[in-house]
Amino acid sequence: MTQYALGMTRLLDNLPHNKAVAVRRSINACFSKGTLYRIRKKERFIMPEEQNLIRSIFIRLGIDAEPAFDQYVERYAW
């Protein structure tokens with residue numbers, strides 16, 4: 001079983017404005033507009049590698065908090 005994240009509407013809620021802007025820019029640089037749209041609308045899972053990428057953005061920007069995805073879903077990885 002693999003744990004996928006679903007949605008990131010509250011990802012930036014608990015961050016100071018300047019950090020939230022930096023995180024948003026970094027995430028926008030890593031994903032295409034179409035992919036981000038589908039992730040925000042919860043039409044696409046956030047893969048474990050992508051979750052780790054977002055965690056690394058947080059770490060690189062000096063944010064100690066764990067990224068808060070909307071929910072987690074366990075599915076078999078095909």
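**Figure 1. The lining of the largest pocket, in a predicted model.** The residues lining this pocket divide into four nonpolar, one polar and four charged. Walking along the chain, you meet Met-8, Thr-9, Arg-10, Leu-11, Leu-12 and Asp-13, and then Arg-24, Ile-27 and Arg-40. The space they line, the largest pocket, has a volume of about 150 Å³.

**Figure 2. The largest nonpolar core and the helices that feed it.** This core has 17 residues, and those with the most contacts inside it are Met-8, Leu-11, Val-23, Ile-27 and Ile-54. Three helices each supply at least two residues of this core: H1 (17-30), H2 (33-40) and H3 (48-60). As background, nonpolar side chains in soluble globular proteins tend to be buried together. Some names will be familiar from the pocket view, where Met-8, Leu-11 and Ile-27 are among the lining residues.

**Figure 3. Met-8 and its partners from farther along the chain.** Which residues does Met-8 contact, once its neighbours within four places in sequence are left aside? They are Ile-27, Leu-36, Ile-39, Ile-46, Ile-54, Phe-69 and Asp-70. Of these partners, Ile-27 and Ile-54 are also listed, like Met-8 itself, among the core residues with the most contacts inside the core.

**Figure 4. Thr-35, a buried residue of helix H2.** Is Thr-35 buried or exposed? Its relative accessibility is 14%, under the 20% cut-off, so Thr-35 counts as buried. Look for the polar contact between the side chain of Thr-35 and the side chain of Ser-32, at 2.9 Å.

**Figure 5. Lys-42, in the loop between H2 and H3.** The backbone is the thing to look at here: phi of Lys-42 is near 60°, a positive value in a residue other than glycine. Lys-42 has a relative accessible area of 37%, between the 20% and 50% cut-offs, and is therefore partly exposed.

**Figure 6. Glu-50, a buried charged residue in helix H3.** With a relative accessible area of 16%, Glu-50 falls under 20% and so is buried. Leaving aside neighbours within four places in sequence, Glu-50 is in contact with Phe-31, Arg-44 and Phe-45.

**Figure 7. Tyr-72, in strand E2 (residues 71-75).** Tyr-72 is partly exposed, with a relative accessible area of 36%. Not counting residues up to four places away in sequence, Tyr-72 touches Gln-3, Tyr-4, Ala-5, Gln-51 and Pro-67. Gly-7 is worth finding too: although 65 residues separate Gly-7 and Tyr-72 along the chain, their C-alpha atoms are 8.8 Å apart.

**Figure 8. Glu-74, also in strand E2, beside the start of the chain.** Which residues does Glu-74 touch, not counting those up to four places away in sequence? The answer is Met-1, Thr-2 and Gln-3. Glu-74 and Gln-3 are 71 residues apart in sequence, yet 4.5 Å apart in space, C-alpha to C-alpha. The relative accessible area of Glu-74 is 47%, which makes this residue partly exposed.

**Figure 9. Ala-65, in the loop between H3 and E2.** At 44% relative accessibility, Ala-65 counts as partly exposed. To finish, pick out Tyr-4: from Ala-65 to Tyr-4 is 61 residues in sequence and 19 Å in space, C-alpha to C-alpha.

Conventions: Residues are numbered from 1 along each chain as its sequence is written. This is a predicted model: local features need pLDDT of at least 70, side-chain atom pairs count only at pLDDT 80 or more; totals for chains, interfaces and linings use all residues. Side-chain values use heavy atoms; hydrogens and water are left out. On a 1 Å grid over the protein atoms alone, a cavity is a set of points where a 1.4 Å probe fits but cannot get out, and a pocket is an open set with protein on both sides within 12 Å along at least five of seven lines; lining residues have an atom within 4 Å of a point. Grid points are joined across faces, edges and corners, and a volume is the space filled by probe spheres set on the points. A nonpolar core is a set of buried Ala, Val, Leu, Ile, Met, Phe, Trp, Tyr and Cys residues joined through side-chain atoms within 4.5 Å. Buried means under 20% relative accessible area, exposed over 50%, partly exposed in between (1.4 Å probe, protein chains only). Helices (H or I, at least four residues) and strands (E, at least two) are DSSP runs, numbered from the N terminus. Contact means heavy atoms within 4.5 Å. A polar contact is a pair of N or O atoms within 3.5 Å; within protein, one must be able to donate a hydrogen and the other to accept it, and residues adjacent in sequence count only if both atoms are side-chain atoms.
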